[in-house]
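Me: I am new to reading structures. Please take me through this one, and tell me how each label is earned.

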Amino acid sequence: MRSSAKHTSLPAKGNAAVQNADLADIAARRSPEEILAGEVSNYALFLDCDGTLLDIAPTPDEVHVPGGLADLLTRITQHLDGAVAVLTGRQLDEIDVLLEPWQLIGAGVHGAELRTKPGGPITQVAERLPVSLEEQVLRRAQHLPGIIAEPKGPGIAVHYRQAPHLKNALESELRAIITEYSDDLVLCPGRKLFEIIPAGHSKGTALETFAAMPKFAGRRPIMIGDDVGDLPAFAAAARLDGFALRVAGEHFGRDDVELNGPADVISWLERLAQRLTG
Ligand SMILES: [Mg+2]
């Protein structure tokens with residue numbers, strides 16, 4: 001029997017103020033400088049990609065990857081004995097193209113895909129979306145100028161960056177579509193996009209899965225992210241006595257963050273690499 005879909009298991013924009021207040025408490029425990037001055041060799045690093053490592057582009061295919069980023073991440077990974085993971089809304093094979101030739105440990109589609117060792121296979125931990133749902137979303141997107149739908153196997157992202165005036169109409173349509181299916185799907189808002197993703201998976205569940213693996217166990221997690229989908233991972237890092245570093249963008253305002261944008265994140269990572277190499 002079909003039942004109505006949960007609107008979202010993640011905080012909606014309307015709850016952002018509350019979430020930000022909670023996160024301010026978490027983040028107040030350490031600034032980026034204090035974290036760098038800590039016991040860096042005992043950290044485990046969890047990184048969002050778009051808006052955190054990479055500047056947001058007009059479309060997802062147009063992102064620019066700074067020269068040296070892949071090598072920087074690999075250097076840090078080596079010095080943390082492998083305890084680095086990318087937690088992204090993208091599919092992991094897209095991240096592999098962006099960070100070529102490296103294939104890092106990571107979670108894609110908000111925890112619906114996992115790779116648990118560098119260069120290892122990508123495991124789907126959630127079923128792909130029903131084809132009929134994917135087709136409905138693609139069909140709607142085709143009729144809305146400027147809307148880009150991006151199927152991702154277990155999820156689908158729908159971008160409205162080129163047509164921000166369609167945000168509310170798009171959200172209503174997507175909620176109506178997933179309501180026809182099951183409560184196994186949720187709608188996650190993001191930076192000028194909505195994502196339909198499987199319920200029960202998030203960057204938080206992914207962080208906890210990795211944190212239980214030998215490479216990560218006993219280390220202090222640091223999660224860096226810029227968006228609503230990163231909130232469960234911030235909370236997971238805090239539960240594990242770790243830290244959240246928020247990145248300024250369309251979700252977090254400049255007064256709420258520890259890092260001012262991707263360039264600031266990369267500068268911090270460079271300083272972390274220097275600290276790790278002593
Ligand atoms: Mg992001």
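Reply: Start with the sheet. Seven strands form an open sheet with mixed pairing, in the order E5-E4-E3-E2-E1-E10-E11. Strand E5 (123-124) and strand E11 (243-246) are at the edges with a single partner strand each, so one side of each has no neighbour in the sheet. This is a predicted model: local features need pLDDT of at least 70, side-chain atom pairs count only at pLDDT 80 or more, and totals for chains, interfaces and linings use all residues. Residues are numbered from 1 along each chain as its sequence is written.

Me: What makes a stretch a strand or a helix, as in E1 or H3?

Reply: Both are DSSP runs, numbered from the N terminus: helices (H or I) have at least four residues and strands (E) at least two. Helix H3 covers residues 69-79, and strand E1 covers residues 43-47.

Me: How do you know that E1 pairs with E10?

Reply: Two strands pair if DSSP finds at least two bridges between them. E1 and strand E10 (residues 220-225) have five bridges, in the parallel sense. One example is Phe46, whose bridge partner in E10 is Met223.

Me: And what makes E1 and E2 a pair?

Reply: E1 and strand E2 (residues 84-87) are joined by three bridges, again in the parallel sense. Leu45 has Val84 as its bridge partner in E2, and Leu47 has Val86.

Me: Why is E1 called largely enclosed?

Reply: A residue is buried if 20 or more other C-beta atoms lie within 10 Å of its own, exposed if 12 or fewer, and partly exposed in between; C-beta atoms are placed from the backbone. Five of the five residues of E1 are buried, so the rest of the structure largely encloses the strand. Tyr43, Leu45 and Leu47 point one way, Ala44 and Phe46 the other way, and all are buried.

Me: What makes the unit of E1, H3 and E2 right-handed?

Reply: A crossover is right-handed if, with the strands pointing away from the viewer, the path from the first strand over the helix to the second runs clockwise. E1, H3 and E2 make a β-α-β unit of that hand.

Me: Which residues bring H3 and H9 into contact?

Reply: Contact means C-beta atoms, placed from the backbone, within 7 Å. Leu69, Leu72, Arg75, Ile76 and His79 of H3 meet Ile266, Leu269, Glu270, Leu272, Ala273 and Leu276 of H9. These residues divide into eight nonpolar, one polar and two charged. Ala, Val, Leu, Ile, Met, Phe, Trp, Tyr, Cys and Pro count as nonpolar, Asp, Glu, Lys and Arg as charged, and the others, Gly among them, as polar.

Me: At roughly what angle do the axes of H3 and H9 cross?

Reply: They cross at roughly 40°, and the axes of H3 and helix H9 (residues 262-276) come within 10 Å. Axes are lines fitted to C-alpha atoms, for helices over the stretch in contact; angles run from 0 to 180 degrees between N-to-C directions.

Me: Why is Gln78 called partly exposed?

Reply: Gln78 has 13 C-beta neighbours inside 10 Å, so the count puts this residue in the partly exposed class. Gln78 lies in H3.

Me: What is notable about phi in Asp81?

Reply: Phi of Asp81 is near 50°, a positive value in a residue other than glycine. Asp81 lies in the loop between H3 and E2. With 13 C-beta neighbours inside 10 Å, Asp81 is partly exposed.

Terms used: Two residues are in contact if their C-beta atoms, placed from the backbone, lie within 7 Å.
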